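Colleague: I am new to this one, so could you walk me through it step by step?

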Amino acid sequence: MGAGSLLLIDLDGVLVTGSNGDSRIGQEILRVHPNLAAELDAFTFPIAILTHRCRHEAHQLIAALGLETGKLAGVFSANDIVFSDLSVNGLFSLLYRGSRKSRILPSISRRLNVHAANIVFIDDKRGNVEDMAAHGVGLTVKVPSARLQDENNLLTFDLSDTLSRIQARSEEHTSELQSH
């Protein structure tokens, strides 16, 4: 990690959640990390959102989170996953294997000039994390799904700590490469 790196982060269960775990449009959707914009601004390499939501919903959620899409390296939605897969593998592959998040990797590589090995991916779904790792993503982080424990308590992970650990790992990796 380091120069040419990218943080790719999921929306549902990671940045937003529904009051009962249901984060469909029309349901109450809660912000998981109150200082999200500041925490992401402090991160040193580009950040993009990757979600199975449609593009319109993703942009609505990003705006509700107080994130500026202009500051993001990209927003990759279900629309982009499908079109990327169709352009690389064709319709049969999409129908047979489904729209896995890893299908966007060729598109990210072309659009952002970043290789899968230089991507950090954060998601709450084990299958997504395993799929991305199997497709060469450099670091995959499985976080617990955010959920409301009761009316006043949201159970989640510490985003600042997670980002700090990723940053430290990136700096260690860069130092190791420079010393060889």
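Colleague: Thanks! At about what angle to β5 does helix α4 run?

Modeller: Happy to help; first, this is a predicted model, in which local features need pLDDT of at least 70, side-chain atom pairs count only at pLDDT 80 or more, and totals for chains, interfaces and linings use all residues. Residues are numbered from 1 along each chain as its sequence is written, and side-chain values use heavy atoms, with hydrogens and water left out. Helix α4 covers residues 105-112 and lies across β1 (6-9), β5 and β6 (119-123). With axes as lines fitted to C-alpha atoms (for helices over the stretch in contact, meaning heavy atoms within 4.5 Å) and angles from 0 to 180 degrees between N-to-C directions, its angle to β5 is about 160 degrees.

Colleague: How many helices and strands are there in the protein?

Modeller: Both kinds of element are DSSP runs numbered from the N terminus: helices are H or I with at least four residues, strands are E with at least two. By that count the protein has 6 helices and 9 strands.

Colleague: Which order do the strands of the open sheet of 5 strands have?

Modeller: Two strands pair if DSSP finds at least two bridges between them. β4 (residues 47-50) is joined to β5 by 3 bridges, while 4 bridges link β1 to β6 and another 4 link β6 to β7. The pairing is parallel, and the order is β5-β4-β1-β6-β7.

Colleague: Which are the edge strands?

Modeller: An edge strand here pairs on one side only. From one strand to the next, the twist averages 20 degrees. The edges are β5 (74-76) and β7 (139-142).

Colleague: Which residue in β7 is the bridge partner of Asp-123?

Modeller: β6 and β7 join with helix α5 (residues 126-134) in a right-handed β-α-β unit (with the strands pointing away from the viewer, the path from the first strand over the helix to the second runs clockwise). On another side of the pairing, Leu-8 has Phe-121 of β6 as its bridge partner. For Asp-123, the partner in β7 is Lys-142.

Colleague: How many of the residues of β6 are buried?

Modeller: Buried means under 20% relative accessible area, exposed over 50%, and partly exposed in between, using a 1.4 Å probe and protein chains only. Ile-119, Phe-121 and Asp-123 are buried on one side of β6, and Val-120 and Ile-122 on the other. That makes the buried count 5 of 5.

Colleague: How many residues does the largest nonpolar core have?

Modeller: A nonpolar core is a set of buried Ala, Val, Leu, Ile, Met, Phe, Trp, Tyr and Cys residues joined through side-chain atoms within 4.5 Å. Leu-7, Ile-9 and Ile-49 are among those with the most contacts inside the largest one. Elements giving two or more residues to this core include β1, β4 and α6 (159-179). Apart from it lies another core, of 15 residues, among them Leu-8 and Val-137, whereas the largest has 28 residues.

Colleague: Why does Gln-167 count as buried?

Modeller: Gln-167 sits in helix α6. Leaving aside its neighbours within four places in sequence, Gln-167 is in contact with Phe-43, Thr-44 and Phe-45. Gln-167 counts as buried because its relative accessibility is 13%.
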